[in-house]
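Take a look at the model below. The text after it goes from the whole chain down to single residues.

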Amino acid sequence: MEAVPIQSENFKLGFIGAGKMAESIARGVVQSGVMPPQRISTAIHSNPSRGTPFQSLGISVYSHNTDVVDASDVIIFSVKPQVVVKTVVLQLRPLLSKKKLLVSIAAGVKLQDLEEWAGHGRFIRVMPNTPSAVGMGASVMSLGGAATEQDGELVGKLFGAVGKTWKADEKLFDAVTGLSGSGPAYIYLAIEALADGGVTAGLPRELALGLASQTVLGAAAMAVQSGKHPGQLKDDVTSPGGTTIAGIHELEKNGFRGTLMNAVVAAAKRSQELSRK
């Protein structure tokens, strides 16, 4: 059976799982004007307070997942861990017709399994990251066997409301986890270390942390917006015999680049191990 196209101007969106990531996506979608809150729903079971941020946006909050599925054309599964995802999808399977586009943001859960549990392949797997909470996320998606290009565009638009989106083959998702999934934590560590360096050099703590955070934000914006290679941007700041090259020399002596590369590879490897369990 051919997948029925979803009308992008009036489709309804449902979240199965009302955690922080679901909240971030819902807020981004509403605040950016991608779709009105009246067309979005979720369900709250055990913790009533989780419904508050959704209700404050004007989003419908039901008491059962079945109500969300009935009301929605596009359903985002944002539950964890893996075992719960399987249970929830299998419970809802009778309602998950091919007319509905299914999306999973569950880490380590493969499309092959999702499609098997749902009974069809109109599934898209998305790997977002935590900066989605401030509209600066990096999300990568992979389309299941029966998901159409139009489905991909629609999901890209939803996740585009909380940052940037890319398409990639699912086999790259462990590497994506190691880089953009775990990467924010590496950068928090770098910000903290830069601030500590500032304090060591005599700066008050608050000023040091503010400068460190803004410097990382500004450098990332330069890398994204200037169109220049990061190596070129580094060279632009590094004058002969100056302060910056002295600092870079210390980083190189201590294997800064290799350490970051190893961190990405180690996290990717761990993601691979976890997805096999």
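What follows is a walk through the fold, its annotated spans, three helices in contact or packing, and two buried residues.

This is a predicted model: local features need pLDDT of at least 70, side-chain atom pairs count only at pLDDT 80 or more, and totals for chains, interfaces and linings use all residues. Residues are numbered from 1 along each chain as its sequence is written, and side-chain values use heavy atoms, with hydrogens and water left out.

Start with the whole protein. It has 12 helices and eight strands. Both are DSSP runs, numbered from the N terminus: helices are H or I with at least four residues, strands are E with at least two. The C-alpha trace spans about 70 × 40 × 35 Å along its principal axes. Of the 277 residues, 40% are buried (under 20% relative accessible area; exposed is over 50%, partly exposed in between; 1.4 Å probe, protein chains only). Now take the contacts (heavy atoms within 4.5 Å) with a separation of 6 or more. Residues 24 or more positions apart account for 63% of them.

UniProt lists two domains, both from an unreviewed entry. Residues 12-108 carry the feature "domain: Pyrroline-5-carboxylate reductase catalytic N-terminal". That span is 37% helix and 20% strand, and its end C-alpha atoms lie 27 Å apart. Residues 170-274 are listed as "domain: Pyrroline-5-carboxylate reductase dimerisation". Here the chain is 82% helix and 0% strand, with end C-alpha atoms 15 Å apart. UniProt positions follow the numbering used here, feature names are shortened, and annotations may be inferred rather than shown by experiment.

Next, helix 1, residues 20-31. Its 12 residues reach 16 Å from first C-alpha to last, close to the 16 Å expected at 1.5 Å a residue. The expected span is 1.5 Å times one less than the number of residues. Its buried residues are Ala-22, Glu-23, Ser-24, Ile-25, Ala-26, Gly-28, Val-29 and Val-30. They pack against strand 1 (13-16), strand 2 (40-43), helix 2 (51-56) and helix 6 (149-160). Just after helix 1, Gly-33 takes a positive phi of about 80°.

Ser-132 also reaches helix 1 residues: it touches Met-21, Ser-24, Gly-137 and Val-162, not counting residues up to four places away in sequence. Ser-132 sits in the loop between strand 6 (123-127) and strand 7 (137-143). Its relative accessible area is 2%, so it is buried.

Now the helix pairs. The axes of helix 4 (residues 82-92) and helix 5 (residues 111-118) come within 8 Å and cross at roughly 30°. Axes are lines fitted to C-alpha atoms, for helices over the stretch in contact, and angles run from 0 to 180 degrees between N-to-C directions. Helix 4 is therefore roughly parallel to helix 5 (under 35 degrees; over 145 is roughly antiparallel, 65 to 115 roughly perpendicular, the rest oblique). Val-85, Lys-86, Val-89 and Leu-90 of helix 4 meet Leu-114, Trp-117 and Ala-118 of helix 5. By class, that contact has six nonpolar, no polar and one charged residues. Nonpolar covers Ala, Val, Leu, Ile, Met, Phe, Trp, Tyr, Cys and Pro; charged covers Asp, Glu, Lys and Arg; the others, Gly among them, are polar.

Helix 7 (residues 173-181) and helix 8 (residues 183-200) pack at about 25°, with axes 5 Å apart. So helix 7 is roughly parallel to helix 8. Gly-178, Leu-179, Ser-180 and Gly-181 of helix 7 meet Gly-183, Pro-184 and Tyr-186 of helix 8.
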